[in-house]
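Trainee: I would like to go through this model one topic at a time. Where should we begin?

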Amino acid sequence: MWIELGHFAAILAFLLCITQSGVTLLGIYRSQPVWVRIGKQASMVAFLLLTLAVGTVVAAFLTHDFSVRYVAEHASLELPVFYLATALWGGHEGSLLFWAWLLALFNAIAIWRHWSSHTRSLPWILVILGAMLAGFLVLILFLSSPFDRLIPPPGNGRDLNPMLQDPGMVFHPPFLYMGYVGFAIPYAFAMAALITGQAGDEWILATRRWTLFAWVTLTIGIVFGAYWAYYVLGWGGYWAWDPVENASFMPWLTATAFLHSVMVQERRGLFKTWNLFLIITTFALSLLGTFLVRSGVLSSVHAFASDPSRGVYILVFMSILLLFSFGVLVLRAELLRNPIQLESLLSKESAFLFNNLLLVTAALTVLLGTLYPLAVETLSATKVSVGPPYYNKVFIPIMLGILLLMGIGPLISWRRALPARLKRDFPIPVGLALVGVLLAVLLDISHPYGVVTVALMLFVVGSHSLDLWRGVQARASMAFWHALRALLARNKRRYGGLMVHLGIVMMCGGFIGSGLFQQELDLTLAPGDSVQLGRWTVTLERMGEAAKYNWTAVEATFRAQNGQSSVIMKAQKRNYGKRSQPITEAAIHTTWREDLYIVLGDPVKENLWNFRIYRNPLVAWLWWGAAMMVCGVIFAMLQGRRSASFTSSPSPDGVQP
Amino acid sequence: MKSIWQTVLLLGVLAILALFALGLRNDPHEIPSPLVNRPAPDFAVQALDGQPIRLADQRGKWVLVNFWGSWCVSCVAEHPYLLDLARATRARSDFVIIGVDFKDTEQGAAQFLARHGNPGYRHAFDPAQKIAIDWGVYGAPESYLVDPSGMIRVKQTGPLYPGWFEKVALPLMEAKP
């Protein structure tokens, strides 16, 4: 009964989305503000109805209503309640519904927040978002409905894939989706700006927080995914260049480029077409990610059920959207011809330009690596896979270039850098970079990329600290801490950004440590056996069993000793019964220096087991660096819009009539 | 200059979409076997029934070689169809089924057949996976259709499904003059 109500609500929401799009469009052409207002109300009601629809699916999970097919396939009586509630996004149908609900939510918030301030572009935003939501609802209602009944209902469900019964499941997908869907709002603003011809700065100012929000949630989503892979998949790594990982990484790269180039438009009125291109591409890549994941063209660890008709529909939907967006961009780009030119190669703008070129090239290399196997398979019916060797070869040098620019950025001024200032500011960071080379040699880093990375890390830290120091110095009349606080409070955006950079530097440390210095032991142990790895003595104390919630496990208990300190570590192989593939739970002991990481393998014979033991140096730096990035973005988001528009005033053609 | 970029952009988008359109027709789970249209690697081992079994002895017939193991979950799902297929084709003189039970123990296999039903055809026993490695078996179940001249004609990755024989095997068998 309830699920039918949800189904009905979703159908109504679909009709309202068509109304939102169609009536608003008519209203625009006939200059009927009333019709536009109807579209606005429709979008609000559609959001409420979709909330009801999502609510009924969640309720079906919570009440173990196995007569709902989706619930029967993704839950069971034994499933703990926190996974029951989040099993909504444990499968294809529910994920799409959640996606659509987020889009409706963001749509409603955007309409509510910007209704009075953006009267010309909002109708178009209603049209675009309404059409997009309607497109998703077609997919949900007709091709992958989470509302279907299963008659007769089974006594118990098939359970959630054990791999997904993990706290990572609670956070990774929603953050990723928030990131993907979040870019829909800046995208819609950009399209509206192109269509109405008001492609100045207005849309960028309006969407600054949206973009930051989408970027930070996407970042969190990606990092959670990496973290989850690290402690669940049990191969000692966190990133495998899997197509689906790449699909989330590509929009991240172009969005990062966008965040930077937007500043150039605000300050100098340059890169207008480029910014539109970047945001459209970012959203297109988000959709591409959805397509790759949901249509089943590529196989990956995320392989979901592939269904050809869904794939065809998603492809048609995406084709319309891409051709429409890029078509409009190409047709309207003439509007944006720009009288302002770069003044000097030695300027902040050109540093941003190169940063953008590198980031977009990086995104392109990932796109090529992701699509190449598909192309080969399609054209020649052989299988190839593109793995870490390709990405290490092409991707790392690009990233090092970006790191270099990151260090140069704060030291170089807008328009034209003054040689005198450069001479004054550069010696310290460059000196630190040289110290970095020495440090790398001392640390026994022999890989050239490793040496360069350490040098660049110190270079960035040097230039960023210097920037902060100069800012404090400029307020020489105040005491140091006062000056620092005043400085940070006035420039939240700038220093938030610099904090993100330092987070990235920290992550680079993690990449080097885990990438170049990982040690791995592959061995068989019987209880009582000891093994030495780095500074750790690891002893298998006993083999036993464990059980909790809905699983039973074989459990290996280790004692890891290092000098005085000693810890107990428990590696498990869990069995979830219904879907009998066992799940490894690696035992991980984290210190700031390294992670000790133990994976229980198969038994060799009575009382003799296979183990893989890793020493993963500096992995914790990845998570701390990511946390720092998130803090930086939140700090930057605190800055209100007023001061942002103040900085944009130099561009005379900001708002066209 | 600008129009070149516009063209490149649109062509790039079109190329990617075209690639997806073509790619949708592929099944990503299908792994092409280099053995298709090559002679099937012969094997002569002990069967589960204790007697010797040799693939080449079946020359002149179509042979369905089905790789399975009692440890394999999908094989349980596939098993009812194999029971049906064996029953339906028992009368045919031009078609036999041979199972290859690999990476398994004799008790395991016997238990599996006792529990899920014995289709009645013979099974080569391959505990050390020698045959499976020769044939490049990637997972279980996998099935190969070998023609009367001993060539592999079809590889099925994953379980055989109801209607497979009529849809895949029969057209090939009847196309033969």
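Mentor: Begin with the empty space: the largest cavity holds about 90 Å³. A cavity is a set of points on a 1 Å grid over the protein atoms alone where a 1.4 Å probe fits but cannot get out; points are joined across faces, edges and corners, and the volume is the space filled by probe spheres set on them. This is a predicted model, where local features need pLDDT of at least 70 and side-chain atom pairs pLDDT 80 or more, while totals for chains, interfaces and linings use all residues. Residues are numbered from 1 along each chain, chains are lettered from A in the order written, and side-chain values use heavy atoms, without hydrogens and water.

Trainee: How many cavities of 30 Å³ or more does the rule count?

Mentor: The cut-off is on volume, 30 Å³ or more. With it, the count is 5.

Trainee: How many residues of each class are in the lining of the largest cavity?

Mentor: Lining residues have an atom within 4 Å of a point, and they include B:D42, B:R59 and B:K61. Ala, Val, Leu, Ile, Met, Phe, Trp, Tyr, Cys and Pro count as nonpolar, Asp, Glu, Lys and Arg as charged, and the others as polar. The lining has 4 charged, 2 polar and 5 nonpolar residues.

Trainee: How many salt bridges cross the interface of domain 2 of chain A and domain 3 of chain A?

Mentor: A salt bridge needs a side-chain nitrogen of Lys or Arg within 4 Å of a carboxyl oxygen of Asp or Glu. Across this interface the rule finds 0.

Conventions
On a 1 Å grid over the protein atoms alone, a cavity is a set of points where a 1.4 Å probe fits but cannot get out, and a pocket is an open set with protein on both sides within 12 Å along at least five of seven lines; lining residues have an atom within 4 Å of a point.
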